[in-house]
Every structure is written in structure tokens, then in C-alpha cells.
Amino acid sequence: MNPILTQKYRCWAEIDLQAIRRNIQRIQTELPKHVKLISVVKGDAMGHGITPVIKAIRDLTIYGYATANVMEGFAVRLVDKERPILVLSSLIPGEEVIAIENNLTLTVSSTDEVSRLETAAAEHK
């Protein structure tokens, strides 16, 4: 067999969670005291892994998190039950209940989304 086909991957990512913490802390020292910091963890925390990143930073004084979609918001909610989570993309039909049950802050891009959310919220009471 061709040795090229049996080689291990030649690239990988090593994530330094302490560096992520230090970066956040440094940013916080530069911000005015009244500014709230939201940690953007979309795209599986930029490929670093949403769960380990949230676990590494949840004790810092950040206001909340921003995710790409509802499922990422749900993943964050499993790790941090308290802080606000802003979902940056629109909802896919069927995600309304997950968003409501997990207290996700949503961005909406259509009246259809608003209608679906109203219906889901009414049924969820």
C-alpha cells in the first residue's frame, strides 16, 4: 500500500484553554467598567470545542455567550445554566420549543419566525 495513504494526519490543533482565559481577562482590563462582555462561541467555539471552552471560562466575569444557532445555544445551556445566550442566526422550524425551554435570546429575521415563536410560547405555558 502507498505509505502516503497510511500516514497519520500531519496537522492538528492544540487548544490552550488557559490562553483563552488570559485573552478574555486581558480584554476585560481594556474595557470600560460599564461594558458587558459576551463571549462568542459559535462554530463549536471556533472549532475549539464548545463544552471545554465554556467550562474553562464560566467562572470569569463575562455577561453571556453568543452562538451560531439554537443547538449550540442548547449545548452552552447544558454547561452554564445562568448566563444569557444570544443566538445569532434565525430559527429553523421546530427549534422554537428548544429555544424557549432553554431561555435563549433570539434574533428574528421574519414575521414568520415571530408567529412561530408566539405559537410555541402559548403552547408551552
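In which helix does R21 lie? R21 lies in helix α2, and this briefing begins there before moving on to other parts of the chain. Keep in mind that you are looking at a predicted model. The protein chain has an average pLDDT of 90, and 92% of its residues score at least 70.

**How confident is the prediction?**

- Confidence varies along the chain: among its elements, β3 has the highest mean pLDDT, at 98, while helix α1 (residues 3–6) has the lowest, at 64.
- Where pLDDT is low, predicted coordinates should not be read in detail.

**R21 and its surroundings**

- R21 has a relative accessible area of 14%; buried means under 20%, so R21 counts as buried.
- Not counting residues up to four places away in sequence, R21 touches A56, I57, D59 and L60.
- One of these partners is met through its backbone: the side chain of R21 reaches the backbone oxygen of A56 at 2.5 Å.
- Another partner, D59, forms a salt bridge with R21, and their closest N and O atoms are 2.6 Å apart.
- Because R21 sits in helix α2 and D59 in the loop between α4 and β2 (64–67), this pair ties together parts that are 38 residues apart in sequence.
- The two ends of this salt bridge have different surroundings: R21 is buried at 14% relative accessibility, whereas D59 is exposed at 55%.
- For a sense of scale, the C-alpha atoms of R21 and A120 are separated by 37 Å, and these residues are 99 places apart along the chain.

**Other salt bridges**

- Side chains of opposite charge can pair when their charged atoms come close.
- How many salt bridges does a search of the whole structure find? The search finds five.
- D16 and R22 form one of them, with 3.8 Å between their closest N and O atoms.
- D16 is partly exposed at 43% relative accessibility, and R22 is also partly exposed, at 47%.
- R116 and E96 also meet through their side chains in a salt bridge, at 2.5 Å from N to O.
- That pair links distant parts of the chain, with R116 in helix α7 (residues 111–124) and E96 in helix α6 (residues 96–101), 20 residues apart.
- Both R116 and E96 are buried.
- D112 joins R116 and E96 in a network of salt bridges.

**E72, a buried charge without a salt bridge**

- E72 lies in helix α5, which covers residues 70–79.
- Is E72 buried or exposed? E72 is buried, yet it has no salt bridge.
- The nearest side chain of opposite charge belongs to K42, 7.8 Å away; a salt bridge needs the atoms within 4 Å, so this pair does not count as one.
- The side chain of E72 does have a polar atom that lies 2.9 Å from the backbone nitrogen of G43.
- Leaving aside neighbours within four places in sequence, E72 is in contact with V41, K42, G43, D44, I50 and T67.

**Helix α5 as a whole**

- E72 has buried company in α5: V70, G73, V76, R77 and V79 are buried as well.
- The cover over the buried residues of α5 includes α3 (42–46), α4, β2, β3, α6 and β4 (105–106).
- At the start of α5, N69 reaches with a side-chain oxygen to within 3.2 Å of the backbone nitrogen of M71.

**The largest nonpolar core**

- The largest nonpolar core has 22 residues, and those touching the most other members are I24, V41, I54, I57, I62, Y65 and V76.
- Two or more core residues come from each of α2 (17–30), α4 (50–57), α5 and β3 (85–87).
- The largest share, five residues, is given by α4.
- V41 is in contact with I50, V53, I54, Y65, A66, T67, E72 and V76, leaving aside neighbours within four places in sequence.

**P52 in helix α4**

- P52 lies in helix α4, and at 36% relative accessibility P52 is partly exposed.
- The C-alpha atoms of P52 and L17 are separated by 7.9 Å, and the two residues are 35 places apart along the chain.

How values were computed. Residues numbered from 1 in each chain as written. Predicted model: local features only at pLDDT ≥ 70, side-chain atom pairs only at ≥ 80, totals over all residues. Heavy atoms only, no water. Helix = DSSP H or I, 4+ residues; strand = E, 2+ residues; numbered from the N terminus. Buried < 20%, exposed > 50% of the residue type's maximum accessible area, 1.4 Å probe, protein only. Lys, Arg positive; Asp, Glu negative; His and termini not counted. Polar contact = N/O pair within 3.5 Å; in protein donor to acceptor, adjacent residues only side chain to side chain. Contact = heavy atoms within 4.5 Å. Core = buried A, V, L, I, M, F, W, Y, C linked by side-chain atoms within 4.5 Å. pLDDT = per-residue confidence, 0-100.
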